[in-house]
Structure formats: structure tokens, C-alpha cells
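Me: I would like to go through this model in questions and answers. Please give the cut-offs as the terms come up.

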Amino acid sequence: HKLNRDYCVMAFFAKRLKTVDGTPLERVVPQAKAETIFGNVFDYFGANNVALFDSCRISAANLKKSYVEYALFTTFYNVITAEDAELLLNDKNLLTKGIAYYFLEPFLQTGLLTSGGKKWYTRRKMLTPAFHFNILGQFEDVFKEESQKFVDQCKNLDKSSITLNEIIPKFTLNSVCDAALGVKLDDQLDDQQYRESFKMIEEAFIARISNPFYMIDAIYNVFLGPKMEKHLRTVHEFSSNIIHKRRQLFAAKLEHSPTGQEKEDNFAKKKRYSMLDTLLHAERDGLIDHAGICEEVDTFMFEGFDTTSMALIFTLMNLSLYQEMQEQCYQEILECVEDDLQKLDVNVLGKLKYLECFIKETLRLYPSVPGIMRKVMQDTSLANNVFLPAGTEISIHIFDIQRDPRYFPEPNKFDPSRFTPENSEGRHPYAYIPFSAAQRNCIGQKFAMLEMKTLLVYILKDFRILPLMDPKDLQFESGIILRTPNAIKIKLQERI
Ligand code: HEM
């Protein structure tokens, strides 16, 4: 027992965290209570996704400090405060992604999300202009078209019970494909199958992070890997078809340019291109190859589709639950937005300050990406007296950070006024990080906000949103994206 207490048998090979000045570690970083005598190795073994999610919240509530867990060969430093998140996200030695992203590689290879070092830096530099403020107006037309399609579809549904999880993902997938990739989804591209395979891949991912044996490639490849091949093929074929379609459009566009000078002229004028066109241009210049384009397209579909879906689903749920606040959003829209929605643009959307606070508060309580990870590549000492040995995995729990009562009193209460300029003043800048922060923050955050605001304006102008569920019943599942096993339902009533 003594041996086990000190060295965590079975987690014996996980390197121990230390303090820089020799203070006993438990005073600075407590260890999460182990469920078995084997350290934290089997704490999540066999737990379902809901139990897994809840156990992280229980550790955070009990320990109230960033804490450590010792697994089979790996040490996990779990970060739950804004102060620690700031130190880690700004450390230039801690830009490499953690083990969880390695499990995503069969799907995304090493695109912007999963890559590190020089490759990440070059790609980020290449793609940043595609998300520049100036290009947002170009996306806006797509968002308006898709939003109009969405409200027309709602008019034909049974409005007494609408399951958001069933209809929102189609909207966000269409939007990301059309706006960022420049391809409209049609009958040739089976998006239903894509979404199903995407879900299966995420389940395999969760199996890997929760079961210490599946973390070992050899075991995963025998028992789970073969079942995933079909789904990986589906998602890769889907993105390849998108690239193929855009390539044809791109070639036709260049052919019709009278002198072939178009590209040079436009680049000279710093004309902005959509994300996929930016990659196709870079390919012509020999800066990326076809495999690289596939990695990035998979990455953008992965990051741009379900994240925004869940954010919209929770925002619509909150609009249904808080009727007075919904009315405030509606009144603001009446004041700022003309009846002719064709005139809706980035500037008008920028005036919808209350709606923005509403979305931000939703993302605080329900961050679409509840946690992110980093890997320590070389021994690192932090300013908070923690020494991280090389190989340590860092898990930054955005979900817990954003419910810290020091920065958000009554943290579980939904209150958009927390985000007015007066109330935000002086708050720790890392207390609210739904899009992460510092160098590896979300490249698509403006894109996402614009897409969400546009759809919400279209819905609120045409419908009153009524509640159909009790938020107390909400459960959450552990995963890459914050999901709930509950179907999130609302009622719609057409405004006269
Ligand atoms: C509400 C919607 C969204 C949320 C909450 C969100 C959140 C995040 C977070 C937390 C990260 C950091 C991941 C990490 O460090 O591991 C991230 C990265 C990223 N996001 Fe988003 N995202 C959203 C929408 C989008 C959209 C619409 C796109 C693209 C169209 C996008 C593209 C990316 C990419 C490519 C990265 C990787 C950036 C890098 O490492 O350089 N995201 N996002």
C-alpha cells in the first residue's frame, strides 16, 4: 500500500510532476482521487461518456486547483484556472498538441489543428488571409442564402416539436462547405453519410482516450481500427469530392481569365480568396501538394461544422428558455436590421451587441470545445512553481475555467449581461476562452460568429422560440465536441 501510495503501481512509469523550488507537490498541485489502488490508470475504464464527463467536473469541484493524474505511462496535468491557462497557452515551448490529437490523425492527418512546429507555422501563415476581416463580407452572402433555406424548411416542419440536433448540423455543414470551400452540397455528395461516419469516428476517439489499452496502437489496430476503416473512407471520399469539384471550378475560372494574368493581378491587389482557393493557389506556386490540401479540407470541415452546430443548438435552447432575453434580442433586431434581409451585412450584424452577449454567455456555459490538450516536448518550468517533465500531457478544461466563481459569480446562472463592456472590464483575459487563446487560437472564430448571428437574425425575425425541455435534465458527454445525449427540442411559433 505504501509503495502504491507513493509510486502509483501501474502508473510507475509515468514521470512525476515536481515543484520548481522543492515545496511538496500536493501543496501546489493536488492529485485527483484515484478510484483503484492503481493510481488513476483505471479511473475511466468502462465508464460511459456521461460518467467520464462528470468525473472531470467532480475533480474540479473538489480540488478547486489545477490537478495531476497518473495514468499507465503518462502524467496528465489538468488545468482548471484562468491563471494557469494563461501561462501554458503563452509558453512557446508548449505549442505541440497532446495525445488526443494523435488519435485524430487517421482522420485529419497533420493539418492545421493537429500539426506542430514549422509545418503548423507555414500553414497558419498561408491560411490566415482566408479568414481576414475583409473577406467576411464574401461569406455573408452564403450565410444569408443558407439561413433563408433553413427558415423556409422550418415553416414546413411540425413546429410544435423541433429537434435541433436533427436540423442544425445540415445548415452548418452546408455553410462551411459553401463559404470556406466554395462548393455547394448537392445530391452527388451524401452529407447524411458523412455526418454518420463523423459520429462513429468520434466514438472511436472517445474509446481510445477512456480505455488505457486502446491507447496502445497495436491493441487499437486489432480490435477497433478495422471497424473504423469504412467510416474513414467515407469522410475522406467526401472531402476529396469537394476538392475535385472546386478544382474544376477553379480551373474554369482561370481559363476564362483573358490573359492568364488574373492571379498575379489579384494577388498584387491583395484580393482575398476563400480558404480552398487559397490552397489551390498555393499548390500552383508549389507551396503545398494535393495530400496537404486534403489534410486542411478535412480539418476545416471537422473544426467548422460540429463546433458551430453545437453552439447554435445551445443558443436556440437558451433563447427558448429565457423568454425576456429573447424579446430583448428581437427588439434589437427590429431596431438595427432593415426588413429587407438582403441588406444584412457584417456592419449591421456588428450592431447587434445584445445578441452577441447572448451567444457569448451560451459559449461560456456550453463551450463547443470543452477541453484542449498540449504535450510537453522538453522539461519545462512554469512561473506557478510547477515543473513539467518532458512527456507530460496537459489538459486545459475550458468547461471548468469558464465556470470559475471568482470571475463569474453564480457561475451556473445564465446571464448575458456578464459580457457588456462595463461588466467585462478587469476580468482575467483567460477566464473566457471558448476559441482558445494566444498563437493557436481558433482561426475561424469570426467566421463562426457571423454564421451564427446571421441564422439567429433570420429565425428570430420569423419565429418566436418556445421551450420544450427542462435544462436540469441536460447531461453532457465527454468528447472532442461538447455533446449531450438529450435531444434538444424547441417549439416555433410564426410571428405575424
Ligand atoms: C463556435 C464555433 C467554434 C468554436 C467554439 C471553436 C473552437 C476552437 C478551439 C477551442 C480551438 C483550439 C483547439 C486546440 O487548441 O486544440 C480551435 C481551433 C481551430 N478552429 Fe475553431 N472553433 C469554432 C469554429 C470554427 C470554424 C467555423 C472554423 C473554420 C471554418 C474553425 C477552424 C479552426 C481551426 C483550423 C483550428 C486550428 C487552429 C490552429 O491550431 O492553428 N473553427 N477552434
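Me: In which loop is N385 found?
Reply: This is a predicted model, in which local features need pLDDT of at least 70, side-chain atom pairs count only at pLDDT 80 or more, and totals for chains, interfaces and linings use all residues. Residues are numbered from 1 along each chain as its sequence is written. Helices (H or I, at least four residues) and strands (E, at least two) are DSSP runs, numbered from the N terminus. On that numbering, N385 is found in the loop between β6 (380–381) and β7 (386–388).

Me: Is N385 buried, exposed or partly exposed?
Reply: A residue is buried if 20 or more other C-beta atoms, placed from the backbone, lie within 10 Å of its own, exposed if 12 or fewer, and partly exposed in between. N385 has 16 C-beta neighbours inside 10 Å, so N385 counts as partly exposed.

Me: What phi does N385 have?
Reply: Most residues other than glycine have a negative phi. N385 is not a glycine, yet its phi is positive, at about 75 degrees.

Me: What phi does A438 have?
Reply: A438 is placed in the loop between α20 (421–424) and α21 (445–462). With 16 other C-beta atoms within 10 Å, A438 is partly exposed. Although A438 is not a glycine, its phi is positive, at about 65 degrees.

Me: Which residue does UniProt list for "binding site"?
Reply: The record is an unreviewed entry, and UniProt annotations, given here with shortened feature names and in the numbering used here, may be inferred rather than shown by experiment. The listed residue lies in the loop between α20 and α21. It counts as buried because it has 20 C-beta neighbours inside 10 Å. The residue listed for "binding site" is C442.

Me: Which residues does C442 touch, not counting residues up to four places away in sequence?
Reply: Two residues are in contact if their C-beta atoms, placed from the backbone, lie within 7 Å. With residues up to four places away in sequence left out, C442 touches F435 and S436.

Me: Which element gives the most to the shell around the ligand?
Reply: A residue is near a molecule if its C-beta atom, placed from the backbone, lies within 6 Å of it. The ligand is surrounded by 25 residues, the closest being E303, G304, T307, C442 and G444. The elements giving two or more residues to this shell are α15 (290–321) and α21. With seven residues, the most is given by α15.

Me: How many residues of the shell around the ligand are charged?
Reply: Ala, Val, Leu, Ile, Met, Phe, Trp, Tyr, Cys and Pro count as nonpolar, Asp, Glu, Lys and Arg as charged, and the others, Gly among them, as polar. The shell has 14 nonpolar and seven polar residues, and its charged residues number four.

Me: Within what arc do the buried residues of α8 fall?
Reply: The buried residues in α8 are F139, E140, V142, F143, E146 and S147. Seen down the axis, with directions taken from the helix axis to the C-beta atoms, they line one face of the helix, because they fall within an arc of 165 degrees.

Me: Which exposed residues does the face of α8 turned away from its buried side carry?
Reply: The cover over the buried residues of α8 includes α9 (164–179), α17 (346–350) and α21. The face turned away from that buried side carries the exposed residues D152 and K155.
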